[in-house]
Amino acid sequence: MRLPKALAFDVFGTVVDWRGGIAREAAPLLEQLGRSDITPEEFADGWRARYQPAMARVRSGERPFVILDTLHRETLEDLLVSLDIDPAAVGDARLHELTLAWHRLDPWPDAVDGLTRLKQRFPIVTLSNGNIALMLDMARRAGLPWDAILGAEVSGHYKPDPEAYLATARQLAIQPDELCLVAAHHSDLGAARAAGLLTAYVDRPMEYGGRPAPDRHFAQVWEWSVASLIELADLLAEP
């Protein structure tokens with residue numbers, strides 16, 4: 001199979017464990033508030049569930065483009081209200097710090113080694129809905145060896161808008177079919193394929209705590225399908 005000229009990576013869920021990281025950082029707040037009726041994992045799931053609807057308002061043109069940090073802060077406050085927690089009582093400083101939890105997510109155990117090996121043969125870049133400052137903080141903390149960090153503000157579009165994928169190829173001065181999206185989400189890969197990209201699926205069974213992925217019905221036969229970034233490196237990065 002023809003190899004790509006560059007690899008672009010979805011990040012949340014594919015490279016880093018958003019659920020575990022958000023649960024870890026939400027736990028002290030829930031304990032302080034005496035909310036033992038809500039597990040930290042449920043809090044993380046509720047916050048993430050607001051991710052796509054918030055971006056949909058931008059994609060539809062209902063509101064102008066804003067970075068993901070802004071959407072994360074807004075959806076955090078919406079989640080708190082739904083749980084009968086007054087955001088004002090939590091305080092602006094605490095809300096800001098919890099919003100930045102998305103900057104401090106841990107990589108999956110195979111991520112750094114897999115990316116490092118893949119980087120030996122291909123340029124590796126982010127193709128994430130995260131903004132540049134978020135991706136930069138995450139990369140420095142987690143040791144993610146990106147060649148370039150391309151946040152959503154590069155294109156001004158959120159995936160799965162076609163322009164999010166096409167703009168990444170243009171930034172790299174290659175054709176869409178010379179770029180491969182690596183992702184753990186079938187819906188993301190399907191949109192990338194529709195935009196002309198190659199596709200590589202990485203299975204992350206613990207992204208949702210072992211529950212089936214909500215987009216599993218979008219599954220196709222992708223160009224590559226692996227259980228880890230190490231396995232992808234075995235397939236692509238060896239001469």
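With 239 residues, a compact globule would be expected to have a radius of gyration near 18 Å, and the chain, with its 18 Å, agrees with that expectation. The model is a predicted one, and its chain contains eleven helices and seven strands. Taken along the principal axes, the C-alpha atoms fill a box of roughly 55 × 35 × 35 Å. The points below move from the chain as a whole to particular helices, loops and backbone angles.

**The chain as a whole**

- Of the 239 residues in the chain, 53% count as buried, and the surface that the chain exposes comes to about 10500 Å², of which carbon and sulfur atoms supply 54%.
- When contacts between residues at least 6 apart in sequence are considered, 68% of them join residues that are at least 24 apart.
- The chain carries 24 positive and 35 negative charges, and the mean positions of these two sets are 3 Å apart.

**Helix 1 and residue A26**

- A26 belongs to helix 1, which spans residues 18-33, and this alanine counts as buried because its relative accessibility is 0%, against a cut-off of under 20%.
- Leaving aside residues up to four places away in sequence, A26 touches F43 and L98.
- A26 and V58 are 32 residues apart along the chain, and their C-alpha atoms are separated by 27 Å.

**Helix 9 and the loops on either side**

- The buried residues in helix 9 are A164, Y165, A167, T168 and A169, and they pack against strand 1, strand 4 (124-126), strand 5 and helix 10 (186-194).
- In the loop between helix 8 (132-142) and helix 9 lies P160, and the peptide bond leading from K159 to P160 is cis, with omega near 10°.
- Just after helix 9, A173 takes a positive phi of about 60°, and this residue is placed in the loop between helix 9 and strand 5.
- A173 is exposed, since its relative accessible area of 71% is over the 50% that the term requires.
- E178 is found in the loop between helix 9 (162-171) and strand 5 (179-183), and with a relative accessible area of 17% E178 is buried, the cut-off being under 20%.
- Not counting residues up to four places away in sequence, E178 touches R2, P4, K5 and A6.

**Helix 11 and what covers it**

- Helix 11, made up of residues 229-236, has L229, L232, A233 and L236 as its buried residues.
- These residues cover an arc of only 100° around the axis, which means that they lie on the same side of helix 11.
- The cover over the buried residues of helix 11 includes strand 1 (6-9), helix 7 (111-119), strand 5, strand 6 (198-202) and strand 7 (224-226).
- Strand 1 and strand 5 thus appear among the elements that cover the buried residues of helix 11, and they also appear among those against which the buried residues of helix 9 pack.

**The loop residue N131**

- N131 is found in the loop between strand 4 and helix 8, and it counts as buried because its relative accessibility is 3%, where the cut-off is under 20%.
- The contacts of N131, not counting residues up to four places away in sequence, are with I67, L68, D69, G151, A152 and E153.
- N131 and L150 stand 19 residues apart along the chain, while their C-alpha atoms are separated by 7.9 Å.

**Backbone angles worth checking**

- Most residues other than glycine have a negative phi, and most peptide bonds are trans.
- Phi of D84 is near 60°, a positive value in a residue other than glycine, and D84 is found in the loop between helix 4 (68-82) and helix 5 (87-90).
- D84 is exposed, because its relative accessible area of 71% is over the cut-off of 50%.
- Phi of A173 is likewise near 60°, a positive value in a residue other than glycine.
- The bond from K159 to P160 is the cis peptide bond already described, with its omega near 10°.

Terms used
Residues are numbered from 1 along each chain as its sequence is written. This is a predicted model: local features need pLDDT of at least 70, side-chain atom pairs count only at pLDDT 80 or more; totals for chains, interfaces and linings use all residues. Side-chain values use heavy atoms; hydrogens and water are left out. Helices (H or I, at least four residues) and strands (E, at least two) are DSSP runs, numbered from the N terminus. The radius of gyration is taken over C-alpha atoms; the globule rule is 2.2 Å times the number of residues to the power 0.38. Buried means under 20% relative accessible area, exposed over 50%, partly exposed in between (1.4 Å probe, protein chains only). Contact means heavy atoms within 4.5 Å. Accessible areas come from the Shrake-Rupley method with a 1.4 Å probe; for residues, only the protein chains shown count as cover. Lys and Arg count as positive and Asp and Glu as negative; His and the chain ends are not counted. The place of a charge is taken as NZ of Lys, CZ of Arg, CG of Asp or CD of Glu. The arc is that of the directions from the helix axis to the C-beta atoms.
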